[in-house]
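Colleague: I'd like to learn how to read a model like this one, feature by feature. Can we take it slowly?

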Amino acid sequence: MLKGGVNRCFTLTVQCSRRGGQLERALDWIVRWIQVLGTQILDHFAEPVSLWVKTKCDAARAGEDDTRLRTLRDGLGEAIADEKVMMCLSEEELRLYKEQTGDTAQERYNLKVG
C-alpha cells in the first residue's frame with residue numbers, strides 16, 4: 001500500500017513549483033509522481049491528474065503555449081505501456097478540463113487527437 005506521505009510530498013513539490021512560476025517543472029514532477037505510483041496508479045490518480053490540469057490552466061493564463069499544449073500522454077511517453085491505464089488517465093484529464101471555467105477547447109482537442 002502506498003503511504004500518504006509520498007502523495008503529500010509530491011503535492012507540496014508540485015504546488016511550490018506552480019507558485020514559483022515553474023510550470024514545466026511542476027508538470028515534470030507530476031509525471032514522476034505518476035511513475036512512482038506504478039501499479040497503484042488507478043487507485044491514486046485523481047490528485048496528480050487534477051494538479052496536471054490546474055498547472056496547464058496556469059500555463060494558459062501565463063501565455064506559455066508550449067507548456068499549455070503538453071499532454072499527460074506526452075509527459076509519460078512509454079512509461080505507461082498499459083493502454084487501459086492511459087485511457088483512464090486521459091478520461092480523467094478530459095473530465096477535469098470540462099470542469100474548468102476558462103477556455104480549455106485546445107487542451108481537450110489535443111487530448112483527443114493525441
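Colleague: Let's start with one residue. In which helix is valine 36 found?

Modeller: Keep in mind that this is a predicted model. Valine 36 belongs to helix H2.

Colleague: And how do I read its accessibility: what does valine 36 count as?

Modeller: You look at the relative accessible area, where under 20% is buried and over 50% is exposed, with partly exposed in between. Valine 36 has 46% relative accessibility, so it counts as partly exposed. Setting aside neighbours within four places in sequence, valine 36 is in contact with Val6 and Phe10. For a sense of distance, take glutamine 106: it is 70 residues from valine 36 along the chain, and their C-alpha atoms are separated by 29 Å.

Colleague: Let's zoom out. How many helices and strands are there in the protein chain?

Modeller: Eight helices and zero strands. Read along the sequence, that gives the pattern α-α-α-α-α-α-α-α. The radius of gyration of the protein chain is 13 Å, close to the 13 Å from the globule rule for 114 residues, so the chain is as compact as a globular protein of that length. If you prefer a box, the C-alpha trace spans about 40 × 30 × 25 Å along its principal axes.

Colleague: What share of the 114 residues is buried?

Modeller: Buried residues make up 42% of them. On the outside, the protein chain exposes about 6500 Å², and carbon and sulfur atoms supply 50% of that.

Colleague: What about contacts: how much comes from residues 24 or more positions apart?

Modeller: Such residues account for 57% of the contacts in the protein chain that have a separation of 6 or more.

Colleague: And the charges? How far apart are the mean positions of the positive and negative ones?

Modeller: There are 17 positive and 18 negative charges, and their mean positions are 5 Å apart.

Colleague: Now the rings. How many aromatic pairs does the structure hold?

Modeller: Two. To read a pair, check the centre distance and the angle between the planes; under 30 degrees counts as stacked. Phenylalanine 10 and tryptophan 33 form a stacked pair, 5.8 Å centre to centre with 5° between the planes. Phenylalanine 10 lies in helix H1 (residues 4-19) and tryptophan 33 in helix H2 (residues 23-37), so the pair ties together parts that are 23 residues apart in sequence.

Colleague: Are phenylalanine 10 and tryptophan 33 buried or exposed?

Modeller: Both phenylalanine 10 and tryptophan 33 are buried. Ring pairs also link Phe10, Trp29 and Trp33 into a cluster.

Colleague: Which residues does serine 17 contact, leaving aside its neighbours within four places in sequence?

Modeller: Serine 17 is in contact with Gln22, Leu23, Arg25, Ala26 and Trp29. Serine 17 is found in helix H1, and its relative accessible area of 5% makes it buried.

Colleague: Gln22 is on that list. Where is glutamine 22 found?

Modeller: Glutamine 22 is in the loop between H1 and H2. At 38% relative accessibility, glutamine 22 is partly exposed. Glutamine 22 and isoleucine 34 are twelve residues apart in sequence, with their C-alpha atoms 19 Å apart in space.

Colleague: Over to the other end of the numbering. Is threonine 104 buried or exposed?

Modeller: Threonine 104 counts as buried, at 3% relative accessibility. Its place is in the loop between helix H7 (83-99) and H8. Not counting residues up to four places away in sequence, threonine 104 touches Cys57 and Tyr97.

Colleague: In which helix is the place of glutamate 107?

Modeller: Glutamate 107 sits in helix H8 (residues 105-113). A charged side chain might tempt you to guess, so read the value instead: glutamate 107 is buried, with a relative accessible area of 3%. Beyond neighbours within four places in sequence, glutamate 107 is in contact with Lys56, Ala60, Arg68 and Tyr97.

Colleague: And what does arginine 108 contact, by that sequence rule?

Modeller: Arginine 108 is in contact with Leu94, Tyr97 and Lys98, leaving aside neighbours within four places in sequence. Arginine 108 lies in helix H8 and is partly exposed, with a relative accessible area of 26%. Tyr97, then, is a contact of threonine 104, of glutamate 107 and of arginine 108.

Conventions
Residues are numbered from 1 along each chain as its sequence is written. This is a predicted model: local features need pLDDT of at least 70, side-chain atom pairs count only at pLDDT 80 or more; totals for chains, interfaces and linings use all residues. Side-chain values use heavy atoms; hydrogens and water are left out. Helices (H or I, at least four residues) and strands (E, at least two) are DSSP runs, numbered from the N terminus. The radius of gyration is taken over C-alpha atoms; the globule rule is 2.2 Å times the number of residues to the power 0.38. Buried means under 20% relative accessible area, exposed over 50%, partly exposed in between (1.4 Å probe, protein chains only). Contact means heavy atoms within 4.5 Å. Accessible areas come from the Shrake-Rupley method with a 1.4 Å probe; for residues, only the protein chains shown count as cover. Lys and Arg count as positive and Asp and Glu as negative; His and the chain ends are not counted. The place of a charge is taken as NZ of Lys, CZ of Arg, CG of Asp or CD of Glu. Rings of Phe, Tyr and Trp (its six-membered ring) pair if their centres lie within 6.5 Å; planes under 30 degrees apart count as stacked, over 60 as edge-to-face and the rest as tilted.
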